[in-house]
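The following exercises concern one protein model. Each task is followed by a solution in steps.

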Amino acid sequence: MNASADTIREMAEEIKITIGNLEHCGEAILSANSSTEGWNDGRAAEFNIIMAKVSRLMMSPVDTLKASLPKLEALAQSVDDYNNQSMTGG
């Protein structure tokens, strides 16, 4: 088998970084959006609605990415088990 459990775990770490980045960006957008609450014209309302939508779009992949982490660890463990079995002649 040419798979590496370490490579799979590195992918999981990259996914964790991506999750953090998406969460940070979504929070920053919401924070910036809340600072415009005093704006009371039609353009401001439109801006706030668009920014809220952008924030939600950024957050939507987070659950999917989080769900992939235990699956990647299970895959890495399977590769570890396979490699250990191959080394011990099992």
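**Exercise 1. Identify how the side chains of Glu 23 and Lys 66 meet, and state where each residue lies.**

Solution. Step 1: the criterion for a salt bridge is a side-chain nitrogen of Lys or Arg within 4 Å of a carboxyl oxygen of Asp or Glu. Step 2: the side chains of Glu 23 and Lys 66 meet at 3.1 Å, N to O, and form a salt bridge. Step 3: Glu 23 belongs to helix α1 and Lys 66 to helix α2, so the pair ties together parts that are 43 residues apart in sequence. Helices here are DSSP runs of H or I with at least four residues, and strands are runs of E with at least two, numbered from the N terminus. Step 4: Glu 23 has 24% relative accessibility and counts as partly exposed; Lys 66, at 40%, is partly exposed too. The classes are buried (under 20% relative accessible area), exposed (over 50%) and partly exposed (in between), with a 1.4 Å probe and protein chains only.

The model is predicted: local features need pLDDT of at least 70, side-chain atom pairs count only at pLDDT 80 or more, and totals for chains, interfaces and linings use all residues. Residues are numbered from 1 along each chain as its sequence is written, and side-chain values use heavy atoms, with hydrogens and water left out.

**Exercise 2. Describe further salt bridges, including those of Arg 9 and Lys 16.**

Solution. Step 1: the count by this rule is five salt bridges. Step 2: Arg 9 pairs with Asp 80, with the closest N and O atoms 2.9 Å apart. This pair links distant parts of the chain, since Arg 9 is in helix α1 and Asp 80 in helix α2, 71 residues apart. Step 3: Arg 9, at 25% relative accessibility, is partly exposed, as is Asp 80 at 24%. Step 4: Lys 16 forms a salt bridge with Glu 13 at 3.2 Å between the closest N and O atoms. Both residues lie in helix α1, three residues apart, about one turn of the helix.

**Exercise 3. Determine which residues make up the largest nonpolar core and which helix gives the largest share.**

Solution. Step 1: a nonpolar core is a set of buried Ala, Val, Leu, Ile, Met, Phe, Trp, Tyr and Cys residues joined through side-chain atoms within 4.5 Å. Step 2: the largest such core has eleven residues, namely Ala 5, Ile 8, Ala 12, Ile 15, Ile 19, Leu 22, Val 62, Leu 69, Leu 72, Ala 76 and Val 79. Step 3: α1 and α2 each supply at least two residues, and the largest share, six residues, comes from α1. Step 4: leaving aside residues up to four places away in sequence, Leu 69 touches Ala 12, Ile 15, Lys 16 and Ile 19, where contact means heavy atoms within 4.5 Å.

**Exercise 4. Compare the radius of gyration of the protein with that of a compact globule of 90 residues.**

Solution. Step 1: the radius of gyration is taken over C-alpha atoms, and the globule rule is 2.2 Å times the number of residues to the power 0.38. Step 2: a compact globule of 90 residues would have a value near 12 Å, but the protein has 21 Å. Step 3: along the principal axes, the C-alpha atoms fill a box of roughly 75 × 15 × 15 Å. Step 4: the protein has two helices and zero strands, and 21% of its 90 residues are buried.
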